[in-house]
Structures are given as C-alpha cells and as structure tokens.
Amino acid sequence: MKFLICALFLAASYVAASAEAEVKVEEGVLVATVENFKQLIADNEFVLVEFYAPWCGHCKALAPEYAKAAQQLAEKESPIKLAKVDATVEGELAEQYAVRGYPTLKFFRSGAPVEYSGGRQAADIIAWVTKKTGPPAKDLTSVADAEQFLKDNEIAIIGFFKDVESEEAKTFTKAANGLDSFVFGVSSNEDVITKYEAKDNAVILFKPFDDKKSVFEGELTEENLKKFAQVQSLPLIVDFNHESASKIFGGSIKSHLLFFVSKEAGHIEKYVDPLREIAKQYRDDILFVTISSDEEDHTRIFEFFGMNKEEVPTIRLIKLEEDMAKYKPESNDLSAETIEAFLKKFLDGKLKQHLLSQELPEDWDKNPVKVLVSSNFESVALDKSKSVLVEFYAPWCGHCKQLAPIYDQLAEKYKDNEDIVIAKMDSTANELESIKISSFPTIKYFRKEDNKVIDFNLDRTLDDFVKFLDANGEVADSEPAEETEEEEEAPKKDEL
C-alpha cells in the first residue's frame, strides 16, 4: 500500500502539461529522457540522476536499493527526487553529462550537477542527498526530535554539546560537513543529553548491530571523527557482498583480514565468532571480513587470491595501500592464538608478501613466444644481453585473445634474432613485487644493457610492433598511436 501511495504521489506530481514532457515513474523512480529532462530538472530543486545501462551488473545490483531510497523519500514527502536515465537509449544526455561508465550518478541542485560520492545502499543514498540539501547536523531540540531522527536513520551520529558555540561543537560541525555518507544530529537540550546518558561534548554513533552504539573516545578532531564514523559504522566482522563492498574498500582502514568460509557448513559459528574479541582489539587497524564460498558471485575473488573453494575455511590478509599486497599464513590453523600472532607479525612489518606463481612449464621456451612465470621472470626479462618484449595478459581478456595471432606472428618473425625475445605471462596466476599490472593486455619492453622498461603504446598491429622493436623501443615516446585499443581492467577493489 505504501508503495502504491508513493507511486501515485510521484506520478501526480510529475506529469507535465504536454505529452512530450511526461515523466513516467517506475518503482518510485522518475524515468528521465531527452524530451523531459530539462523540464524535470527545472521543476525540482533537488534531483539525483542515475545514468545506467540495462546490461550493467552494477546497475542491476543498485536498482532495488535506488528504488527503495526513492520510495522512502516519497513517504517522508521529501523535496528530493530520484530519477534514472537509460544511457544506451538517451545517448544525447549521456554525452552532455560526460558519462563514461555505469552507473554514473549526478546530483542536480537548482539545476547545477555535482558528482555523487555516496554508497550504494538505500540508507547511504538517503544520507548523502539529505546532507547535500540541509545543514551539516540536524538540530535536535527535544527528546521527540532525537527519537524520530534515530528512527528515520539506521546509522546516525549525534553530538551532545551544552554550548553549541564551543570549539568542540564547531569541530563536530566541520566533521559533519565533510562526511556526506553519514547523517549527523546535534543537541544541547538537557533532556536529550539525559535520555541518551551522554556527557557534555560527547559524540555517539547509533547503529542496529553489535553493541547498538559506539561512544567516541580520544581527542575531538575532524580526522579522528572521520575515522570513528567509518570504523564504527561497520559491523565488527563484515560480510562481503554488493552492498558492503564500497564501505569495505572506501573506508579509512586499508588492511583487511579475509575469512574465506562456507556459511552452509557452519564455519562462521565455528571459526569466526570466537574471534570477535580479537576483532574488537584490532578494529582501528585491521578490518575483519567474511567471504562466503557458497556465493557464485565470489568466484572471481577466489581466482584473485589463486585459491579454489575447496580450501575453505582459510584466511588471507590484504593491504590496499600497497597495490593490494596479499599475505598468506604459514599454516591453516584458525585458532585465535595463531591468528593473533599472524596479525602482530603483520603490524610489525615482519610478513613477506604472498605472490601468486605457477609452476614453470618444462617446455616454456619451446615455442617462439616464451612463457614466463614468477620464478623465471627475472632471469629472462632482466637478462641484459637481450631485449625482451613481454605481454602481461589474462586468459579471460577478449583483447588478449584478439592479440594472440598477431603476437605469434611477431614471435615467429624474431625467433632467430639473438637480441630480441618475445614473451608472455599470465598475470592472473603470476605476480611480481616490482611490477603491478592494472589492465590487460599490458605490454612492456625490457631493453638490453640498461634494463630500461618502456611501455608499448602503439596500435597492436604487426607493423607497429616491428617498428617499435626495430627502433629499440624509442618510437613509443615520440610517436604514440592516435587511437589506442581499449584495455580490459584488472579487478578493482570494489569489484573483487
């Protein structure tokens, strides 16, 4: 019934006078087109617009949360509206607003667009747009105001200040203004302070999980408040899924302990729950995350770590600040004592990165294109007596597959050249500490004598490869291709 009321309310509010400008409503979301877009933006002071593609997986995952946010805003009779544009149909709009990927969200305030930078859950969307349309922190002047505020927001941060002009209160407001993804309230009312058992200058984050609330401790600074909000707004142990991914990877904690488990097999209760005290002890430095092997969508994560689902339960540690450096424990003992020792060793800088590597094939140098793995990379690519062209590829990469016959022809042409080696390496199964690959194919030239590394940036044609090699790689700097082929990106943090 609520949905029906919302839909009728929106439909009644946004049917334009002319048939051409009519705005349809789908699950509470306005459907924007080239014909009605200008009028829709003019008629509404605040509009969040999603540019999407029907085939986009991330768009499909966002759709129900986006609709939920639109419906909840309508229930509150908010002036904020949510709209969507099928960018594959409304190409003119996509081009006008420089849409380069999906989904792209832009917030129009009095007609002026700004990039959306919030989360992908309904609560995150509502928090972000609300923050953009009102004061940094909502003034809570009574217990009823505070109760309604907490009822309306699953996660909310309230500052309790008897003197709202104090330096502490001003710092709180500045932090609130800089954190668009969180909803803030502020109160100097004695009844409100008493109701929530707060001390003067206290900051409390209210949430529906764990201990239900977290009280800020330490020096009240903008940076400390930001970290407090990002850390305490997540469960002590976070379940990895589409909704939590952006918060996990976008938070201030860049070191994550990943538990690869099967929920169906009871691994959470047996191995993860007993570690809650350790998670609490380390939560300011290390985020504890569970990844279920029961989910087919998580197959790519297992591949990224060079694992198969038969290995669960097990753990890995990842540090995002160092190009997603990975660490593997020496044993699969998941006892609290062993895991705590592993974490201490990591924080003390005594762990060595775990780099994926395949076994070296016996016939790695049999064919014109030489096969490299982690173990023979340096001895071949960094051999100063030869220049070595290396293609870093992914087996699933379409562009790599298109390149394969050309690359084979190139290798055949230079197979008898004692100064040049043509090689390739599967970068999904082999990792190097000194070279990080972010897209496929990536082609690098390791020049003889000085080992200078030169990126190949010409067209991937046989002629351009020959021109590049005959010029000893120098052509790459002086004659870049006018149009380079697209590359397929390696998994991004929030796509793992």
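Select Cys-397 to begin: in this predicted model its relative accessibility is 0%, so the residue counts as buried, where buried means under 20% relative accessible area, exposed over 50% and partly exposed in between, with a 1.4 Å probe and protein chains only. Cys-400, the next selection, counts as buried because its relative accessibility is 6%. A search of the whole structure for disulfides, defined as pairs of cysteine sulfur atoms within 2.5 Å, finds zero.

Before going on, a note on the model: because it is predicted, local features need pLDDT of at least 70 and side-chain atom pairs count only at pLDDT 80 or more, whereas totals for chains, interfaces and linings use all residues. Residues are numbered from 1 along each chain as its sequence is written, and side-chain values use heavy atoms, with hydrogens and water left out.

Now select residues 374–381, which form helix H15; helices (H or I, at least four residues) and strands (E, at least two) are DSSP runs numbered from the N terminus. Colour Ser-374, Asn-376, Phe-377, Val-380 and Ala-381, the buried residues of H15. Looking down the axis of H15, you will find these buried residues within an arc of 150 degrees, so they line one face of the helix, the arc being that of the directions from the helix axis to the C-beta atoms. On the face turned away from that buried side, H15 carries the exposed residues Ser-375, Glu-378 and Ser-379. To see what the buried residues pack against, add strand E17 (369–372), strand E18 (387–393), strand E19 (420–426) and strand E21 (442–446).

Move next to helix H5, residues 122–133, and pick out Ile-126 within that helix. Ile-126 counts as buried because its relative accessibility is 6%. Leaving aside neighbours within four places in sequence, Ile-126 is in contact (heavy atoms within 4.5 Å) with Ala-69, Gln-72, Leu-73 and Lys-76. A distance drawn from Ile-126 to Asn-177, C-alpha to C-alpha, should read 16 Å, for a separation of 51 residues in sequence.

Finally, show the whole chain, whose secondary structure comes to 18 helices and 23 strands and whose C-alpha trace spans about 85 × 65 × 45 Å along its principal axes. Of the 496 residues in the chain, 48% are buried. Among contacts between residues at least 6 apart in sequence, 69% join residues at least 24 apart.
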